[in-house]
Amino acid sequence: VVNDGKAAFKTVCEKKPDIVITDIRMPNYDGLELIRRSKELHPEISFIVISGYSQFEYAQQAIRYGVC
């Protein structure tokens with residue numbers, strides 16, 4: 001478990017997980033930046049996005065990055 005997007009990206013690069021559960025709002029990299037950077041290196045990783053924010057723009061951007 002990590003508390004910010006930059007640390008999460010480092011962990012994704014080191015561990016190469018099958019699935020990542022992330023929030024949208026985090027310090028350093030937000031969830032969308034984490035997804036974008038991770039998918040560039042490891043397109044096979046699946047993401048689950050959990051957020052309390054109601055802005056649909058976040059979901060639209062996540063879909064563009066391949067999140068289902």
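**Figure 1. Glu-33 and Arg-37 meet across a turn of helix α2.** Being 4 residues apart in helix α2, these two are separated by about one helical turn. Their side chains join in a salt bridge, 2.6 Å from N to O. Keep in mind that this is a predicted model. As for surroundings, Arg-37 is partly exposed, because its relative accessible area is 26%. Glu-33 also counts as partly exposed, as its relative accessibility is 22%.

**Figure 2. Glu-33 has another partner, Arg-36.** Here too there is a salt bridge, and the closest N and O atoms of Glu-33 and Arg-36 are 2.6 Å apart. Both residues sit in helix α2, 3 residues apart, which is about one turn of the helix. With a relative accessible area of 25%, Arg-36 is partly exposed.

**Figure 3. Arg-36 reaches Glu-40, and a network appears.** What joins Arg-36 to Glu-40? A salt bridge does, with the closest N and O atoms 2.6 Å apart. Arg-36 and Glu-40 are 4 residues apart in helix α2, so about one helical turn separates them. Salt bridges that share partners tie Glu-33, Arg-36, Arg-37 and Glu-40 into one network. Glu-40 is exposed, because its relative accessible area is 56%. The structure holds 3 salt bridges. In general, side chains of opposite charge can pair when their charged atoms come close.

**Figure 4. Strands β1 and β2 run in parallel.** Strand β1 covers residues 19-22 and strand β2 residues 46-49, and they pair in the parallel sense over 4 bridges. Look for Ile-21: its bridge partner in β2 is Ile-48. Add helix α2 (residues 31-41), and β1, α2 and β2 make a right-handed β-α-β unit.

**Figure 5. Strand β1 has two faces.** Which residues are on the covered face of β1? Val-20 and Thr-22 are, while Ile-19 and Ile-21 make up the uncovered one. In a regular strand the side chains alternate between the two faces of the sheet.

**Figure 6. A nonpolar core of 15 residues.** This is the largest nonpolar core, and the residues with the most contacts inside it are Val-12, Val-20, Leu-32, Leu-34, Ile-45, Phe-47 and Val-67. The elements giving two or more residues to this core are α1, α2 and α3. Val-20, from the covered face of β1, is one of the residues with the most contacts in the core.

**Figure 7. Phe-47 and its contacts.** Leave aside the neighbours within four places in sequence, and Phe-47 touches Val-20, Thr-22, Leu-34, Ile-35, Ser-38, Lys-39 and Val-67. Val-20 and Thr-22 are the covered-face residues of β1. Leu-34 and Val-67 are, like Phe-47, among the residues with the most contacts inside the core.

**Figure 8. How confident is the prediction in each part?** Helix α1 (residues 5-15) has the highest mean pLDDT among the elements, 96. Helix α3 (residues 56-64) has the lowest, 81. The protein averages a pLDDT of 89, and 99% of the residues score at least 70.

Note on methods:
Residues are numbered from 1 along each chain as its sequence is written. This is a predicted model: local features need pLDDT of at least 70, side-chain atom pairs count only at pLDDT 80 or more; totals for chains, interfaces and linings use all residues. Side-chain values use heavy atoms; hydrogens and water are left out. pLDDT is the predictor's confidence in each residue, from 0 to 100. Buried means under 20% relative accessible area, exposed over 50%, partly exposed in between (1.4 Å probe, protein chains only). Two strands pair if DSSP finds at least two bridges between them. A crossover is right-handed if, with the strands pointing away from the viewer, the path from the first strand over the helix to the second runs clockwise. A nonpolar core is a set of buried Ala, Val, Leu, Ile, Met, Phe, Trp, Tyr and Cys residues joined through side-chain atoms within 4.5 Å. Contact means heavy atoms within 4.5 Å. A salt bridge is a side-chain nitrogen of Lys or Arg within 4 Å of a carboxyl oxygen of Asp or Glu.
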